[in-house]
Amino acid sequence: MSEQTINSEQETKLVASVAAKQLGIKAVTLRKYSTLVEKQLNDETRFRTTDSSHRLYNQADLATFKAAIELTEQGATLANALDQTFNEQGTQPTSESSVEETVTPAAKPVKPVQPATAQPSGPSNAELAKQQEIIIRRLDSLNYRLNLVLDRLDEQAAKQQAKPWWQFWN
């Protein structure tokens, strides 16, 4: 595509390389993020126009990507951050002629992702100690059987007469 931007009536849509520069990421990364969003929303034409197979991004999309990037920097996974930010944006109208879409969602307060508090949902220390003892017994048993097999192999090797290496043809 020879044009860097495509102007519609009320908003500017940017190609991936220009949009990625504005976000401070690589174009490949933005395309990967876009693919994830398209799969999560089941909308393969989310960033594509009908007359072109190129992805085009408006300012609202960029603001939403920026919010998702900030969530990932706070500790959220990429899939969760993209899902959260684009589902919030999905409640807004998405028509291309809409003026409200050009308002950045960055004005909305983004809820920070709180790390999960440590709750004892797993096995207790006593249960873990029992499991550890069982595993140690199994390993000791395997070690004993392995040593028996190695001893038998050593006995078989001792029975065979060892020839000097220079008599390999005999």
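Is Leu-150 buried, partly exposed or exposed? In this predicted model, Leu-150 is partly exposed, with a relative accessible area of 41%. The residue belongs to helix H5, which covers residues 125-159. Together with Leu-146, Val-149 and Leu-153, Leu-150 forms a nonpolar patch on the surface. The accessible area of these four residues together is about 350 Å². An α-helix has 3.6 residues a turn, so residues three or four places apart point the same way.

The protein chain contains five helices and three strands. Their order along the sequence is β-β-α-α-β-α-α-α. Of the 170 residues in the chain, 25% are buried. The accessible surface of the chain is about 12700 Å², and carbon and sulfur atoms account for 54% of this surface. Among contacts with a separation of 6 or more, 56% join residues that are 24 or more positions apart.

The largest nonpolar core has 23 residues. Within this core, Leu-30, Tyr-57, Phe-65 and Leu-82 touch the most other members. Strands E2 and E3 and helices H1, H2, H3 and H4 (78-90) each give two or more residues to the core. Contacts of Leu-82, leaving aside neighbours within four places in sequence, are made with Tyr-33, Leu-36, Val-37, Gln-40, Phe-65, Ala-68 and Asn-87.

Helix H1 spans residues 16-23, and its buried residues are Ala-16, Val-18, Ala-19, Ala-20 and Leu-23. The cover over these buried residues includes strand E2 (12-15), helix H2, strand E3 and helix H3 (59-73). Just after H1, Gly-24 has a positive phi of about 85 degrees.

The search for charged pairs covered the whole structure and found one salt bridge. Side chains of opposite charge can pair when their charged atoms come close. The salt bridge is formed by Glu-38 and Arg-55, whose closest N and O atoms are 3.2 Å apart. Glu-38 is part of helix H2 (residues 27-41), whereas Arg-55 is in the loop between H2 and strand E3 (56-57), so the salt bridge ties together parts that are 17 residues apart in sequence. Both Glu-38 and Arg-55 are buried.

Terms used. Residues are numbered from 1 along each chain as its sequence is written. This is a predicted model: local features need pLDDT of at least 70, side-chain atom pairs count only at pLDDT 80 or more; totals for chains, interfaces and linings use all residues. Side-chain values use heavy atoms; hydrogens and water are left out. A salt bridge is a side-chain nitrogen of Lys or Arg within 4 Å of a carboxyl oxygen of Asp or Glu. Helices (H or I, at least four residues) and strands (E, at least two) are DSSP runs, numbered from the N terminus. Buried means under 20% relative accessible area, exposed over 50%, partly exposed in between (1.4 Å probe, protein chains only). Contact means heavy atoms within 4.5 Å. Patches are made of residues with over 30% relative accessible area and no salt bridge: like charges are joined within 9 Å, nonpolar side chains (Val, Leu, Ile, Met, Phe, Trp, Tyr) within 5 Å. Accessible areas come from the Shrake-Rupley method with a 1.4 Å probe; for residues, only the protein chains shown count as cover. A nonpolar core is a set of buried Ala, Val, Leu, Ile, Met, Phe, Trp, Tyr and Cys residues joined through side-chain atoms within 4.5 Å.
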